[in-house]
Amino acid sequence: MKKKIGKALVVGAGIAGIRSALDLAEIGYGVVLIDKAEHIGGVLSQLDYQFPTNHCGMCRMLPLVERDAGSQFCLRKGLFHENIEILLGTRVTAVAGEPGRFTVSLRTRPTWVDPQRCTGCGACVPVCPVEVPDAFNAGLGRRKAIYLPVPHQVPNAYRIDPAACTRCGACVDACPCGAIALSTAERKDFRILVVDDEPIVRQSLESWLEDEGFAVDTAASAPEALEALEKSEYQLMLSDIKMAGMDGVELLRQAKTACPDLAVVLMTAYATVETAVEAMKIGALDYLVKPFDPETLVPMVMRVHEELLAAKDRQVEVGAIVLAGGTDYFDPRQQAGNPYGYGRLPAVVTSLEFERIVSGSGPTTGRLVRPHDGRPIRKIAWLQCVGSRDIQCGADFCSSICCMYAVKEAMLAREKGAGEVEAAIFYMDMRCFGKPFQRYRDRAEAEGVRFERGRIHSLAPAPGTADPTLRFVALDGTVREETFDLVVLAVGQRPARGAAELAQMVDLPLNPWGFLATSPLSAVRTERPGIVAGGSFAGLRDIGESVIFASAAANEASRVLHGTGGSLAAIEEAATEFRDVSRQPPEVLVAVCTCGDRILSQNDRRQWIDRLERDPVVQETIFIDRVCTAEGWQALADAITARRPNRVLIGACHPYVFTRRLRELGRATRLHPALMDVVDLLGPRMAASGENAEAVSSSGDLPRRLAMAVARLQGTCLPQVEATPVSRQALVVGGGIAGMTAALAIADCGYPVDLVEAGDRLGGNLRWIGHTLDGHDLNALLAEAIARVGKHPKITVHANTRVRGAFGEVGHFYSTLEAADGAAQTLEHGVVVLATGGGEAAASAYGFGSHPAIVTQKGFQEALAEGRFDPAALNTVVMIQCVGSREEPRNFCSRVCCPTTLKQALALKRDNPEATVVVLYRDLMTYGFAETWFTRARRAGVIFVAYRLDDKPKVEVAGPDRPVTVTVTDAVLGRPLTVAADAVVLATGIAPGLPADLAAAYGATLDQDGFLAEAESKWRPVDSLREGVFACGLALGPRNVEESVATAGAAAQRALRILERERLPAAHLTAVVRHSLCARCGRCIEACPYEARRLDEELDRVLVNPAMCQGCGACEAVCPNGAAVLNGLSMPQVFGMLDQALA
Amino acid sequence: MKYLYYPGCSLEGTAREYDISTRAFMTAMGADLAEIEGWTCCGASAAEAVSELLTLVLPARNLALAEGMAPAGRDILVPCSACYLNLRRVEEKARVSHALKERINEALAVEDLVYHGRTRTRHLLDVVSRDLGAAGIARRVVRPLSGIRVAPYYGCQCLRPYTVFDDPEAPRSMEPLIAAAGADLHAWTMGGRCCGASHMNTKMEVGLKLVGAILEAARGADVVVTVCPMCQMNLDAYQRQVARQTGVDSTMTILYLPQLLGLAIGLSPEDLRLDLNLALTGAFLEKLERTATAA
Amino acid sequence: MALAEKTAIDLGTMPEEAAALAEIRAMVQPCIQCGTCTGSCPNEFAMDLTPRHMWRLVLLGLAEEVLASRTFSLCSACYMCTLRCPRGLPLTEAIGRLKQLAARRHLPHLRSGDLFYRNFIASVRRHGRVREMEFMGLYFAQMMNPWLPLRYAGMGGRLMRRGKVALQLPSRGSGRLVKLFEKVAEMENRS
Amino acid sequence: MAKAAMIPIENGNLLAGLRQFLRQVLARPEIAAVLVPCQLPMKAMVMPTLVSDPERLSAANPLAPAFPLNAARMVSRLTRKEAGGTIVAVLRACEIRAFIELVKLRQARWEELIIVGIDCLGAYTNKDFFRIGDEDVEAFTGRFVQSALDGRDGEVDGVVLAPACQVCTDPIPNGADLVIGLLGADTGRALPVAAATEKGASLLEQLDLPGGKMPEAREAAMTDWVNRRRSKREAMGEATRSLTDSLEKLTAYLATCINCYNCRVACPVCYCRECVFVTDVFDHEPCQYLGWAGRKGAVKMPTDTVFYHLTRLAHMGTACVGCGQCANACPNDIPLAELFITASAPLQEAFDYHPGRSLDEKPPLAEFREEEFEEVVGIK
């Protein structure tokens, strides 16, 4: 594909990092994607199921346009894109420069195993004598010191965990590929100084560390230590804090002055942890809490050693940096006193551990049994808010994700347990604030998941067993005890480990909650241009939101790259002129990698040749030892050049990895890479162990695989790649903040945008909201956006204009605009962004309309602004949440009403501290940082009363001059409360403003609530099902301003994928129609999940848009007549393969 | 090691053996205790129930006296958890509120005292576990208490609300000390539970229930070790009432921590006034005898 | 439902302790009614209102109901709720304030605690330090429950045998801290 | 809509009454033609005939036990695109079902069509029907109708119904716009005709017919009819299954197939323009034949016969209306109707899909549902 000048660094290869990287790569920028972990995918590599589908579906993030630029297979296994370079086990050590020209230093941990040589055969595993808890299974299983970080990753080279490894060397001897290189020699050069006034400590540390091969000296006091430092050079000093005379902190200070490169780890008692943390600010690397044992000390020292000595450093030049470091889970052991006994009671697990229990690749292979004793799990409790909404844990925020994942896990448990599993969720507020979440939660309740409102403070094992017994206070005040087979702690999120250091390195502040601070109302932009935050790095977000913020971050990065000259010129890949082999009968060269003798022995070769050359299209079968090496690869290229076959089949390992290499081979040999294929021979060979493995090779299972591939390859023709021309300009419908932001985001990257607004002014809802809950001025944001839109040379604003009709598909839509005066014009555009917004839903309950004191939130705000309400005269105000929402037919949470209520309540308490403000709510949806304002509102004296859906508040109006009375049942007191209110404010939520016929004109659909139906709520959250049609802002779903702005950036970035191309290229694997066989029955049109097919009435033909077709084959499956054909997977090819499989 | 010493009222009366054993043990370990001259009651749990200001002024008076003895500030060793909390609370509150300190000093002025906020109140367990340290004690052990199973009881107020030296939910600071003394640990989860405190005086039925649960959980141990006179009294003195209520014999030796550790470093039962403890069981004494013989 | 059965939120007309109560309310205002306090309380079994219920009443300004209960008087200051409260509220301290509020009223149903603490403090006021037997004697005398001393008699005997408590007659004492007490009382009345 | 009327019958002559009814229909100006089985002038056979001249309706015979082809295919040809006038088609129940399937597959339209269905008494195989030889078709039809209504299931002179008809449990033309009832009717005096759709009702209104209703005895007669057929159907299924329950037996069952594809042509729902089996997909390389022969020692020609029938079962199993025309068309008398009816039943039941029942039910393959057949895929 076309590459642009310009490169970005994406830090963090979790779901958000992958999204950002793909978004940048898809529009042609180079990306360096790094992760400090040894695998991509972040925590999602461990999660098998996502709601609301309860499946995975991560692969839906893969490129849809120009798919051939990357591999198309399970994204949890690996990511391969020609514009993305992935560096694992890597972190940033320094950043210098400015936007457009950053120099970033990266440090990659050694793995001790050469990934080029390791074939993943696993011979090293049985000989390794060390077993440690397996992080992939969240510690539920065990692994060796040489291990695969994620078992399903591709390619999957083994790695050595230096902290666990004893350097015994058994794996070195066992490795058939010579891939492992251990060296203990360098440990002798690593000199450690141990400083402690306790001789016992000095002696034990010395012996522990010397056992590991380090060079250790000791000192009994700080002055002694300084003396030693003066005499010889040390790499690491371990020092006690509390020592007579000069203490450890002072020692640190002086030692760092004398030897700035010295790494210092402090040892501290429980009491002086604070001091230790302080000490880290003046240069201590880390600290250890006494008493400690070799199991904690030694790995830490090894890590320091590894970091300091064995890591590989390199520098990259990038134009922009996306920080997508994600979050970490809260460790329940950090809760004061560990009240849930996590780590002590085996039947208390974290939610992540539970995900592993239900995972097919987990410790119990997905069976619902307790990992520690194998007993079937029949009764499970989920405890919410562990480490969230807990000021004591330093979490005055809601982690935003736990409620929904707990519901999902409860559903999974019920499903896995065939209905015999009892699942109970103990919660404070169920925060199901995403678009489909409330219905999902209701479904769970209908299917038998129990929801108990109440926080569990602690649990104890049932007498005589290890089964956890919960003690909790029911709503009626009774204290109850209940024993469960398993207790799942719904652990909250924390800023990612290392996030603070990273922020410090790039000189960015943290916000009060410890996350990266971003610019007001942006959440992706930071104080430093060119450095942006993606995913959940700057906040608490679920998958779908993380993906949105990742795309928005990619958009910011794209704008920086573009603005600093990034796309001024595109590098055209030198077009290779491939040999024209279309008229030749197929001639297949089969090249088999022998991989030493591990795939086949000398004796078997004859048999293989006979088997393969039975098919006359096989020109020759050649054998190459280690085709993956440079020599092997050259031998293959030479063979192709010499023999000039028109198809090449390679039998080797890791076929996924070959995508990029085949392209190189194609350039070298002038044979089109689509005419080459790779078959995995090593995998099946390894899967069959021992003697069986010989049989697999000699008895023909491996040759059979090759023969099948030959059958397929001989039917492969070079497809006529059709490319659809693109009208490289965008239409944005809706001139609110989302529409304006999207327009600017596209126009800033150089493409013309027509912005259509039905009203006479731009601005939408921002014209009345005023400011956000956290006090940011929206008027300023609005004014700036309007000004920028107004003077942007690439943006044409059409006010007082509506879209009257539209047709076409991605690349060339035609929309007819009609102005207020009736003048019509038709625009051609390649993409459309629907940003039609929404408004406050109408109120129809609680006596609205019968008394001037009963108003909606917007009405309240307006009345205050216009002076119809005087805050000083409002003695009592009742605010009712969820008016007409979160119940059918509008069974969704509007997200903004609870924060708006807090905003209004706090403003009222500010203006009139004596006022009584009572908020009647069902679940207060202050997700994320908004929780802090919930706390503030309580502090300010706002009274919150939860009501139940089946016992709604009653509003009585006695007369126009009498106050309105509101009666509600207080759950804790168990009796009604009556309030005479001067104002009753109804939170009615959001009603979308996306006309169904407008969406339909572009081929998009609405969901049951009238918002745009996303292609996929998690993985493609701003796309419609129809390629080229995107949505943002309230048209997509209820969101606050900051989130809406992010959806706009994300939608713009998705749109840029299309606009960046003059023509939309089709992939090789696309569907075509054999019109002579087609009966026009239309089944394929209904079956196509990408809406790539349509019946052209005039031509009387079914047509496929090759750019939209993703080659999934659904059409081929439903067509009874073979009229729907996948290029490259035709029926004769499949029959040929079957034939060979049976031969 | 020098400490100012605040014994508190109980240590003059019901908990005399705590006072005596603390002094004996600390001295034997090489520490120097200087009793605050003219100290008065810290207010115990009673002041809180009567007057907010009194809860601050009564302890502050003692802190001011301490400052008079060591103007540069020195650690105040307090064996009683209630006293410790009361004194500590004043330090913590005065540290963050200048206004409060002013108010306290206004009251103290009638006694010509000034509290500057330079003291550091430390609980006996804090000093023993961190200053003396298990290793330091182990070095001096001459009579390992092998075969004696010890249940460490921490009570509440040395752990909570101020988290200073131990985990407030699952305290463990006594464990290395017990190990250093050569004794065995009775592992339980009751170490930080409430003994009922002054309920024993005002709402005995409530107090007995709490004490009963602790004694029940201690079954299997030879001795429960405490670090607070109130806890000691509740566990030590009401065993008969508990037995009457539960119908289960709950006789148990209850020792103060310095008593136990003192035995291990060679102090005699007489030095430590074991005769003042109310419920020394025969079984415990027998085991103790055996360690003596072994030594 | 008759209006009389309902509880009206009316935070404007509190009794004289309004200020004290408002202060207590301010201490617990961020409460989210999660019930951790109730679940953590070792004395909850003996209470008439659960701690959560009590705090809810405090938040709603329903002070009379709180003072009519014995819940707060049953707090043994173990600080478990303070430790665990996810909102970090000073609950034990707030209970102390409630105790003070109640003490000023000499509520009959809290008589035993009231007397116990008053006698204790009186002893301190007189002697500077507590004379345990003296104040216990006065306490028993004022409780006017002839059976009460018997519950402690066995223990008292054992204590006396060990010389831990001396039989002391109520003495007028030296009045050691009287000045300080008077100053404190003056300051508290002033504010 | 529940409109009904009576078609007068004189002297028990049903055909005359029906012809008169059709003439009345054709007389309506909005009706362009009637498609109805008519007797051929020189051969003892009836064939679907598109009649626009009322006089020509004197050859109409929708009751004869002749069923040379499933007329749904013919109606499809007439309605695929706009024809310029409304046609009334007289169809058997299985023809209506097949027609509805074709509409779903966009191979036919119902816009300018009114379907008249008559309670189906069944038909003979073509070969059996030809056995009436020189006998007057009209007279034979009379004897046949008598036998059918008398409970002898249409047996005349030892000739019995075609296998598919013997086991047909859906003889009632439920999908039709107008239904003419035979079951339970007093056929000597009048036949009831009822409208099942708006379209049917408005046509019925225009006709000058005496009012009436479906006889009360109809319900019981239908139940009785279906019950008798059902037990036969079960027995047939049992027998067919035992003949085909392994690949070897199935191969033997289909052994005489010569790939003439007549069954495919006769099948009313096999709608492809050009069957994949006659395309290059099955135009194997000569070396492949040699390879197969080499591997197995011998290979029967033509190849792909079992595969062909399995493919048809897979493609048409959900749509099979059980009309039996596949068997009727087979030159080598392979009992294909039994096979298709037996194999389709569990398939249709699994998807709760009844071909031809309703236009609103989507063909299973054209629809995606999340839930799986656990017993098939083995996962939950």
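**Exercise 1. Which chains touch**

Task: Find the two chains with the most contacts between them in this predicted model.

Solution.
Step 1. Count the pairs of chains that touch: there are four.
Step 2. Pick the pair with the most contacts. That pair is chains B and C.
Step 3. Count residues on each side. Chain B brings 46 residues, and chain C brings 45.
Step 4. Ask which helices of chain B supply at least two residues each to this side. They are α2 (52–69), α4 (98–108), α7 (199–202) and α8 (204–218).
Step 5. Find the largest share. α2(B) gives it, with five residues.
Step 6. Sort the chain B side by class. The result is 24 nonpolar, 10 polar and 12 charged residues.

**Exercise 2. A second partner for chain B**

Task: Describe the contact of chain B with chain A.

Solution.
Step 1. Count the residues in contact. Chain B contributes 11 and chain A contributes 10.
Step 2. Sort the chain B side by class. Six residues are nonpolar, one is polar and four are charged.

**Exercise 3. Pairs that do not touch**

Task: State how far apart the closest C-alpha atoms are for chains B and D, then for chains C and D.

Solution.
Step 1. Take chains B and D. No contact joins them, and their closest C-alpha atoms lie 43 Å apart.
Step 2. Take chains C and D. They do not touch either; here the nearest C-alpha atoms are 38 Å apart.

**Exercise 4. The build of chain B**

Task: Explain why the radius of gyration of chain B agrees with that of a compact globule.

Solution.
Step 1. Start with the length. Chain B has 295 residues, so a compact globule would have a radius of gyration near 19 Å.
Step 2. Compare. Chain B has 19 Å, which agrees.
Step 3. Add the outline. Along the principal axes, the C-alpha atoms of chain B fill a box of roughly 55 × 45 × 30 Å.
Step 4. Look inside. Of the 295 residues, 60% count as buried.
Step 5. Check how contacts span the sequence. Take the contacts in chain B between residues at least 6 apart; 79% of these join residues at least 24 apart.
Step 6. List the secondary structure. Chain B holds 12 helices and eight strands.

**Exercise 5. Two domains in chain B**

Task: Locate the domains of chain B and describe their contact.

Solution.
Step 1. Read the bounds from the domain assignment. Domain 1 covers 2–123 and domain 2 covers 141–294.
Step 2. Place them. Their C-alpha centres lie 25 Å apart.
Step 3. Count the contact. Domain 1 supplies 22 residues and domain 2 supplies 24.
Step 4. Name the elements that give two or more residues to the domain 1 side. They are α1 (16–28) and α3 (81–96) of chain B.
Step 5. Choose the one that gives the most. That is α1(B), with nine residues.
Step 6. Sort the domain 1 side by class. It has 11 nonpolar, seven polar and four charged residues.

**Exercise 6. Two domains in chain C**

Task: Describe the contact between the domains of chain C.

Solution.
Step 1. Set the bounds: domain 1 is 14–105 and domain 2 is 110–190.
Step 2. Count. Four residues come from domain 1 and four from domain 2.
Step 3. Sort the domain 1 side. Two residues are nonpolar, one is polar and one is charged.

**Exercise 7. A hairpin in chain D**

Task: Describe how β2 and β3 of chain D pair.

Solution.
Step 1. Find the strands. β2(D) spans residues 31–39, and β3(D) spans residues 46–51.
Step 2. Give the sense. They pair antiparallel, over six bridges.
Step 3. Find a facing pair. D:Q39 stands opposite D:V46 in β3(D).
Step 4. Trace the link. A hairpin joins β2(D) to β3(D) through six residues.

Terms used. Residues are numbered from 1 along each chain as its sequence is written. Chains are lettered from A and ligands numbered from 1 in the order in which they are written. This is a predicted model: local features need pLDDT of at least 70, side-chain atom pairs count only at pLDDT 80 or more; totals for chains, interfaces and linings use all residues. Two residues are in contact if their C-beta atoms, placed from the backbone, lie within 7 Å. Ala, Val, Leu, Ile, Met, Phe, Trp, Tyr, Cys and Pro count as nonpolar, Asp, Glu, Lys and Arg as charged, and the others, Gly among them, as polar. Two strands pair if DSSP finds at least two bridges between them. Helices (H or I, at least four residues) and strands (E, at least two) are DSSP runs, numbered from the N terminus. Domain bounds come from an automatic or database domain assignment. The radius of gyration is taken over C-alpha atoms; the globule rule is 2.2 Å times the number of residues to the power 0.38. A residue is buried if 20 or more other C-beta atoms lie within 10 Å of its own, exposed if 12 or fewer, and partly exposed in between; C-beta atoms are placed from the backbone.
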